[in-house]
Amino acid sequence: HTKRSGRNGYHFFEASMNANARNQLQLLQDLRGALQRKEFSLVYQPKFSSPDGNVLGAEALLRWQHPVRGLIGPDDFIGLAERSGLIVPIGEWVLDEACRQMRVWYEQGHSKWKMAVNLSALQFAHDGLIDVVRATLLRHRLPAQCLTLEVTESTAMHDTATSMETLQKISDLGVDISIDDFGTGYSSLLYLKRLPANELKIDRGFVRDLTHGTEDAAIVSAIVALGRTLNLRIVAEGVETQLQQDFLTSVGCDALQGYLMGRPVPADQFMTALTADYPQGKRA
Ligand code: C2E
Ligand code: MG
Ligand code: MG
Ligand code: MG
C-alpha cells in the first residue's frame with residue numbers, strides 16, 4: 001500500500017513539475033525567436049529634478065508583446081533571459097533602441113537629457129559590454145553624457161573588485177552610473193565611497209509607506225544624507241502620491257520618478273504624457 005501511494009505521489013509530482021517545466025521551456029522557446037520577430041519594445045518613464053520639476057531624461061523599460069500571452073513585463077521574463085544567456089543580445093537591442101530614441105530627442109533640442117538603460121547581472125559581467133556601449137554611442141552619434149547605465153546594488157556589490165573595474169571603465173567612457181534599487185543590497189560604506197557612481201536610486205520599497213515619523217522615512221533621510229556626503233545624486237523611484245513627493249522634497253531628494261509624475265509610455269506618447277501627467281504648474 002505504502003509503495004503504491006508513494007508511486008502515485010511521485011507520478012503526481014512528476015506531472016505537475018512537467019507542466020511547470022513545459023511552460024518555462026515553451027516561454028524560453030518563444031523568447032529565442034522574439035528578437036527576430038520584433039516582439040520587444042521600450043517604454044519610457046521620465047525622471048524629474050526636485051524641487052524645480054525639470055525633466056532630466058527618461059528610463060527605458062523593456063516590454064515583450066507575446067503572440068499568445070499578450071504584453072509581458074520584464075519581471076516575468078528577465079530571469080529566464082538571464083539564465084539562458086539571451087539577455088545579452090536582448091540587452092544589446094535595448095541599448096541600441098534607447099540610444100536611437102535619445103538621438104531623436106537630442107535633435108529636438110533635449111541635448112541635456114539622459115537616457116537610462118537597465119543592465120542585468122549577466123550583461124554587467126559580460127566581456128563585450130564596454131565595446132558594445134562605445135560602438136552604440138558612436139553608431140547613433142550620441143554623446144556619452146546622454147547615457148546612464150543602471151545596475152542594481154546587488155549586481156554592483158557582487159564580486160566587488162571586478163565590479164569596480166567595470167564601473168570605472170563605464171565611467172571612463174563618460175557614461176553615468178546609477179545604482180538601482182538602493183537599500184536592498186549590502187553596500188559597505190567603504191566600497192560605496194570608492195564607487196565611481198553618479199546616482200543612487202532609493203528602492204521603491206522604502207518610498208511605498210513613506211510618511212513622517214516612520215522607519216522608512218528615517219531610512220530615506222539617511223540615504224539622502226549619505227548621497228550628499230558622497231556627492232551622489234539621489235533619485236526616488238515609485239513615487240505615487242503627493243504625500244510621498246512632499247516628504248522626498250522636504251528631505252532634499254534630488255530627483256523623482258513614479259506614476260505620480262509620469263508612467264512609462266511608448267516614445268510617441270512621451271511628450272504629451274509629460275505635460276498631461278505633470279503639468280508645469282504642479283512641478284514647482
Ligand atoms: P527598475 O529598473 O527598478 O524599474 C522600475 C520599475 O518600477 C519598472 O517596472 C517601472 O515600470 C515600475 N514603476 C515606476 N514607477 C512606479 C510607481 O510609481 N509605482 C509602481 N508600483 N511601479 C512603478 P518594470 O518596467 O516592470 O521593470 C521591472 C524591472 O525589470 C526593472 O526595475 C528592471 O530591473 C528590469 N528591467 C526593465 N527593463 C529592462 C531592460 O531593458 N533590461 C534589463 N536587464 N532589465 C530591465
Ligand atoms: Mg532601473
Ligand atoms: Mg529601481
Ligand atoms: Mg526596482
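Student: This is a predicted model. Which residues line the largest cavity?

Tutor: The model is indeed predicted. A search of the whole structure finds one cavity of 30 Å³ or more. Lining the largest cavity are Val-88, Gly-91, Glu-92, Leu-95, Leu-119, Gln-123, His-126, Leu-129 and Val-132.

Student: Which helix gives the largest share of that lining of the largest cavity?

Tutor: H3 and H5 each supply at least two residues of this lining. The largest share is four residues. It comes from H3.

Student: How do the residues of the lining of the largest cavity divide, and how much space lies in the largest cavity?

Tutor: The lining has five nonpolar, three polar and one charged residue. The space in the largest cavity is about 100 Å³.

Student: Now the pockets. What volume has the largest pocket?

Tutor: Its lining counts 38 residues. Closest to the centre are Glu-59, Leu-61, Pro-74, Asp-75 and Asn-118. The volume is about 1100 Å³.

Student: Which element gives the most to the lining of the largest pocket?

Tutor: Several elements supply at least two residues each, including strand E1 (40–49), helix H2 (78–84), helix H3 (87–107) and strand E4 (114–119). E5 and E6 are also among them. The top contribution is five residues, and it comes from E2.

Student: How many residues of each class has the lining of the largest pocket?

Tutor: Sort the lining by class. The polar residues number 12, and so do the charged ones. The nonpolar count is 14.

Student: Which residues are the closest to the centre of the second largest pocket?

Tutor: About 310 Å³ of space lies in this pocket. Its lining has 15 residues. Closest to the centre are Phe-124, Ala-125, His-126, Thr-162 and Thr-166.

Student: From which helix comes the largest share of the lining of the second largest pocket?

Tutor: H4, helix H5 (129–139) and helix H7 (160–173) each supply at least two lining residues. By class, the lining divides into five nonpolar, six polar and four charged. The largest share is five residues, from H7.

Student: On to the metals. Which residues are the protein donors of the magnesium ion (ligand 2)?

Tutor: The donors lie 2.0 to 2.2 Å from the ion. In sequence they are spaced E-x58-N-x31-E-x29-D. They are Glu-59 (OE), Asn-118 (OD1), Glu-150 (OE) and Asp-180 (OD).

Student: How many residues apart are Asn-118 and Glu-150?

Tutor: Asn-118 sits in strand E4, and Glu-150 in strand E5. The pair links distant parts of the chain. The two are 32 residues apart.

Student: Is Glu-150 buried or exposed?

Tutor: Buried means under 20% relative accessible area. Asn-118 has 27%, so it counts as partly exposed. Glu-150 has 1%, so it is buried.

Student: Which residues are the protein donors of the magnesium ion (ligand 3)?

Tutor: The spacing along the chain is D-D-x55-E. The donors lie 1.9 to 2.8 Å from the ion, and Glu-237 (OE) is listed twice. The residues are Asp-180, Asp-181 and Glu-237.

Student: Which residue coordinates both magnesium ions, ligand 2 and ligand 3?

Tutor: The two ions are 4.0 Å apart. One residue appears as a donor to ligand 2 and to ligand 3. That residue is Asp-180.

Student: Asp-180 and Asp-181: which is buried, and which is partly exposed?

Tutor: The cut-off for buried is under 20%. Asp-180 has 6%, so it falls below that limit. Asp-181 has 24%, so it does not. Asp-180 is therefore buried, and Asp-181 is partly exposed.

Student: In E6, what is the bridge partner of Thr-152?

Tutor: Strand E6 (residues 176–182) is mostly covered, with six of its seven residues buried. Strand E5 (residues 147–152) pairs with E6 in the parallel sense over five bridges. In E6, the partner of Thr-152 is Asp-180.

Student: In E7, which residue is the bridge partner of Phe-182?

Tutor: E6 also pairs with strand E7 (residues 199–202), in the parallel sense, over three bridges. The partner of Phe-182 in E7 is Ile-202.

Student: Which helix does the chain cross through from E6 to E7?

Tutor: This is a β-α-β crossover, and it is right-handed. The helix spans residues 189–194. It is H8.

Key. Residues numbered from 1 in each chain as written. Chains lettered and ligands numbered in written order. Predicted model: local features only at pLDDT ≥ 70, side-chain atom pairs only at ≥ 80, totals over all residues. Heavy atoms only, no water. Donors = N, O, S within 2.8 Å, 3.2 Å for Na, K, Ca; no water. Buried < 20%, exposed > 50% of the residue type's maximum accessible area, 1.4 Å probe, protein only. Pairing = 2+ DSSP bridges. Right-handed = clockwise from strand over helix to strand, strands pointing away. 1 Å grid on protein atoms, 1.4 Å probe; cavity = no way out; pocket = protein on both sides within 12 Å on 5 of 7 lines; lining within 4 Å. Points joined across faces, edges and corners; volume = space filled by probe spheres on them.
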